[in-house]
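Here is a short report on charged side-chain pairs. Have the sequence and the model open as you read.

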Amino acid sequence: MDLDLIFENAVRYLNFNEKADVNWKESDIIGMKRTLSLLQENNLLEYYELLLYDNFREDLKERIVPIFRKQVLFGGVTRLAEAVKSLHQNIAWYTKLIELWPDNYRCAAKIREIFISCLLWDLDSKMKNVFAEFYSHAFQVNTWISGQDSSLSDISMEEENSSEGESVDHIVLEWNGKTRKMLKNDCADYLQNEFTPLASTYLFDLDLLFLLAEQPVSQVLEIEIKRYVEKTCKGKYEKSWIHSHLKTWIETQVMTWLEKIFGRKWKEASEAEWFEIGGRSKTASYSKNHWNQKLLFILYETYTEMRISEMFRIITEFPESSPAIEDLKLCLERTNQRPFLIKTLKKDLSNRVLHPGVCTEDIITMYISAVKALRLLDPSGVVMEIVLEGYTKYLKERDDTVKKIMAALLDEDRDNDLAIELARGTSEADTVTPISATASADSNFIEVTKRYKKWVPDPREADPDKADKSRRTSDIISLLVGMYGSTTCFIEEYQELLSRRLLSNWCSNTSEDAEIKNLELLKLRFGEEDMGKCAVMLKDVADSRRINTYVKDEYSKKSEVPVENKLDVSTLIVSSEYWPAPAFQSHDINLPSAIQSALDNFNKGYESHKASRSLKWIHSAGRVDIELELKDRTLQFQVTVLLASIISLFHDKETWTLEEISNEVKVSATVLKRKIVYWLQQGILKETAPDTYSIIEEQPIGSMPQNSAATKNDLANLLEEDEEEEDTKADDLKQKQQEQVLWNYVQGMLMNFESLPLDRIHKMLKMFAMQDSSMKLDQPKLRIFLNSRVQSGLLSIEGGKYRINKDS
């Protein structure tokens, strides 16, 4: 047979004009097989194979791929199935031809390589986006049909002609801001006739699943999982969602949909299994385990990002939000988003809590919740330590932090976290570690060596320079006290608070059992020795009750004062060296003769009981129970000694001027004018002329009787003003003492060096005098202090150097 004729006949098949017709005639199949056999016998098959590759490559570039690209871009998502089907038919002719080839496996691999390379040349982001939109719509339709996501169904349905009362007959599919309406009756048909053939037949036969499915499907599922997670559990912290709901949804809803795409390539092997695709060895990218783990990672990452954005609210709602924290803890172990959590939470706390607009009580409450929540999230305490580092610095700079902490610790209602934490030591099962017992690096090393089998290294975010890890596991009280590095300020604040509470209990005849309990609890925290002064204060109260009983029962019987003129005096006797000085600042008042006589008699009784001792009365701290008998009413009050002294004057005379009252009680007119307001508010006095006051014996007709609750509130406000005034005086006294200590240092320096510039003085003070935090001041404040001494003539300044003024 003529070889030229054989080869010419073979080339005729390659130029076949109806290549889209896959149904070859039987005669063509027989003729092609015979031709290939003759070519192989005459060693022309290899040459003919090269012609096949060239012909296929040209056909792809000139006809097949351009047509496919045009159909995808212009037809869009609605015509995508037709475009892929057309591509499948064009390639199927060559596939049929390769099946007749003697070495069809090797030839099929080469044909696939040419096909993929030509397709990749024209496959851009626009075409990939069309496939992603197609998969997104298919997922939403599948979700709606399954009925497992009612929230998505409710949101996707869009009512039209609602005014006419027509029912909704379609769903709205959304992708990247674009929407598409689909009749509900067409949804099942869409999945069966468009989505399923495209995904599991055409793309599978063309071996394009990896190229045209994996990336778009991953993109779609990442968006859909995020949408589902937010709609399902955003803002809901009271239950766990990961295991009970979200993982179940992934394994049933999403994986079922994926099976329609990759089901023909899924194997029940592990991800380590290898199989052949197109002649190349690849990992099992289409395996079920691969997609399951990939989707779970997307789920964990999405859930983590959502909860991190809500972390501030989760902390405020702790402990009700504990399930959400447990879920977040699980996700953080799998996503490595701990640095993002730390950065975000620190920023949220700084912007929303750490500013002057938030009161100290709320800042402390938020701190306690943050400690508890972050310890549940990260038992190692590293996250808590890093996140709250700036928080504690800010809290320490607040002037009233110590006062608010101690007030919360001693809250009588015991309904706050600090009071509950303090009471924890009352149970035998509780073990309370004293605050002074801090761990060292050596003790940490010993602990690790003893329990090396259970030892777990710190997360990589931990600061390696911080060898002392005790703060990470310390209780909340220890953390708050540890901010200051010393318990001194807390003990001093407790002494002042205890003195006010004991005085209040004494005046209201209330037992001090609660204070004894508080003291015992605080001893567990601060130690017996540091709380010694407070124990003496409580002992003074007990001794005072005993002495009062003696004076009333024994000495009063011997007194010659008529019974009708005797006053019931209950005296709290304090040891001045153990009680805080600001608590009982002495302000002399010229008392009414009856009150002064009663105090003198009590002092005599005390002197008879305690030989060689006498009492010094602190009038400003006392309270007086008085009963005012007016013409139309009788009123009872508990007021300060000064208020009682003021109103007692009107027993002798109905009208007094401010100057006359000042001369009688020996108190400045400025102070008196502010105190008399109390009696004006009670309707007892009236100002008949400027600085002239008269008693109101009868209330005007129609006037409202005085509210007893308001009276108590007014008195409380007045007593609070007194305390604030005393605190201000105490602060002024403390400041003067600090300034005096500072001046002594400066004076000693200048006597040794004659003259020094400002920066040199500041450096020396920083080295010697500023070890105490209360003594620290920067250069501008030091300049003001030194200039004040220059103005007073104690210092002089020449050439920028300060020297002691010898003329002073």
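What follows covers the salt bridges of this predicted model.

The count comes to 21 salt bridges. Three pairs are tabulated below, followed by a network.

| Pair | N to O distance | Accessibility of each partner |
|---|---|---|
| Arg 63 and Asp 59 | 2.8 Å | Arg 63 28%; Asp 59 10% |
| Glu 361 and Lys 404 | 3.0 Å | Glu 361 38%; Lys 404 26% |
| Asp 543 and Arg 546 | 3.1 Å | Asp 543 17%; Arg 546 47% |

**Pairs within a helix**

Arg 63 and Asp 59 form a salt bridge at 2.8 Å. Both sit in helix H3 (residues 45-75), 4 residues apart, so about one helical turn separates them. Asp 59 is buried, at 10% relative accessibility. Arg 63 is partly exposed, at 28%.

Helix H25 (residues 532-558) holds Asp 543 and Arg 546. They are 3 residues apart, so the spacing is again about one helical turn. Their side chains meet in a salt bridge of 3.1 Å, N to O. Asp 543 is buried because its relative accessibility of 17% is under 20%. Arg 546 is partly exposed, at 47%.

**A pair between helices**

Where do the partners Glu 361 and Lys 404 sit? Glu 361 is in helix H15 (residues 360-377) and Lys 404 is in helix H18 (residues 401-409). The pair links distant parts of the chain, 43 residues apart. The closest N and O atoms of this salt bridge are 3.0 Å apart. Glu 361 is partly exposed, at 38%. Lys 404 is partly exposed too, at 26%.

**A network**

Salt bridges also link Glu 174, Glu 224 and Arg 227 in a network.

Terms used:
Residues numbered from 1 in each chain as written. Predicted model: local features only at pLDDT ≥ 70, side-chain atom pairs only at ≥ 80, totals over all residues. Heavy atoms only, no water. Salt bridge = Lys/Arg side-chain N within 4 Å of Asp/Glu carboxyl O. Helix = DSSP H or I, 4+ residues; strand = E, 2+ residues; numbered from the N terminus. Buried < 20%, exposed > 50% of the residue type's maximum accessible area, 1.4 Å probe, protein only.
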